[in-house]
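Biologist: I am new to this structure and would like a close look at a single part of it, namely the salt bridges and the places where they sit. Please begin with the overall layout, and then take me through that part step by step.

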Amino acid sequence: MRVLKLAAEARRAILVALIVLTGTGLVFGGSANASNDTIGIELNKLNPEGKGCQAYFVFDNQSGSEYGELKVDLVVFNSEEVVERRFAMDIAPLEPKKRTVKLFELKEMSCDKIGSLLINGVLECKEGKRTRHDCANRLVPSSRIDVKLTK
């Protein structure tokens, strides 16, 4: 009787361990690999330049693939959350497993007028030679400054 009870407890412990490991993605590779398919987009710095503003972005391609084409629809809001400008931001190429800094000029727009930025969508996305339709889900926006970057 005691042997049966120990066997039942062992099976229960194994089942609990499998549930925990499955939830963390370690058994089937779900969420453990998902983080490797992300592209971090960090608004790092805004720098006044003449009548315009230079926006520094850090792109962190954690995937094992190169993005030869990646263009996002970016919307700039003022401090009252009113749309100021909308433009396409071409961020390719992005090499695999590499961080990259890119500078974008916002001509005729003062940095202090920028309240937030919105990644409104993805206009083009090619991972290698393959067109991807899930790139918006792979983007992970963040900001090091008071101006928010969201999607």
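Modeller: Read from the N terminus, the elements of the chain follow the order α-α-β-β-β-β-β-β-β-α-β-β, which amounts to three helices and nine strands. Helices here are DSSP runs of H or I with at least four residues, strands are runs of E with at least two, and the numbering starts at the N terminus. The model is a predicted one, in which local features need pLDDT of at least 70 and side-chain atom pairs count only at pLDDT 80 or more, while totals for chains, interfaces and linings use all residues. Residues are numbered from 1 along each chain as its sequence is written, and side-chain values rest on heavy atoms, with hydrogens and water left out.

Of the 151 residues in the chain, 32% are buried, where buried means under 20% relative accessible area, exposed means over 50%, and partly exposed lies in between, with a 1.4 Å probe and protein chains only. If contact is taken as heavy atoms within 4.5 Å, then residues 24 or more positions apart account for 66% of the contacts in the chain that have a separation of 6 or more.

Now to the part you asked about. Side chains of opposite charge can pair when their charged atoms come close. A salt bridge is counted when a side-chain nitrogen of Lys or Arg lies within 4 Å of a carboxyl oxygen of Asp or Glu, and a search of the whole structure finds seven of them.

One of these pairs is R86 with D73, whose closest N and O atoms are 2.6 Å apart. Since R86 belongs to strand β4 (residues 83-90) and D73 to strand β3, the pair ties together parts that are 13 residues apart in sequence. The two partners differ in their surroundings, for R86 counts as exposed because its relative accessibility is 56%, whereas D73 counts as buried because its value is 7%.

Another pair is E127 with R132, which meet in a salt bridge at 2.7 Å from N to O, and both of these residues are buried. The pair E127 and R132 is also joined by a polar contact of 2.7 Å between the side chains; such a contact is a pair of N or O atoms within 3.5 Å, where within protein one atom must be able to donate a hydrogen and the other to accept it, and where residues adjacent in sequence count only if both atoms are side-chain atoms. E127 has its place in strand β6 (residues 116-127), and its relative accessible area is 13%. Leaving aside residues up to four places away in sequence, E127 touches S63, S65, E66, Y67, R132 and R138.

R138, which appears among those contacts of E127, has a salt bridge with D134 at 3.5 Å from N to O. R138 counts as buried because its relative accessibility is 10%, while D134 counts as partly exposed because its relative accessible area is 27%. Through salt bridges that share partners, E127, R132, D134 and R138 are joined into one network.

For a view of the surroundings, Q62 is found in the loop between β2 (52-61) and β3 (67-77). With 27% relative accessibility, Q62 counts as partly exposed, and its C-alpha atom is separated by 5.6 Å from that of T38, although the two residues are 24 residues apart along the chain.

Some features of the backbone may also help you find your way around. The peptide bond from A92 to P93 is cis, with omega near 0°, and P93 is found in the loop between β4 and β5. K97 is found in the loop between β4 and β5 as well, and its phi is near 55°, a positive value in a residue other than glycine; with 51% relative accessibility, K97 counts as exposed. E108, placed in the loop between β5 and β6, has a phi near 60°, which is again a positive value in a residue other than glycine, and E108 counts as exposed at 62% relative accessibility.
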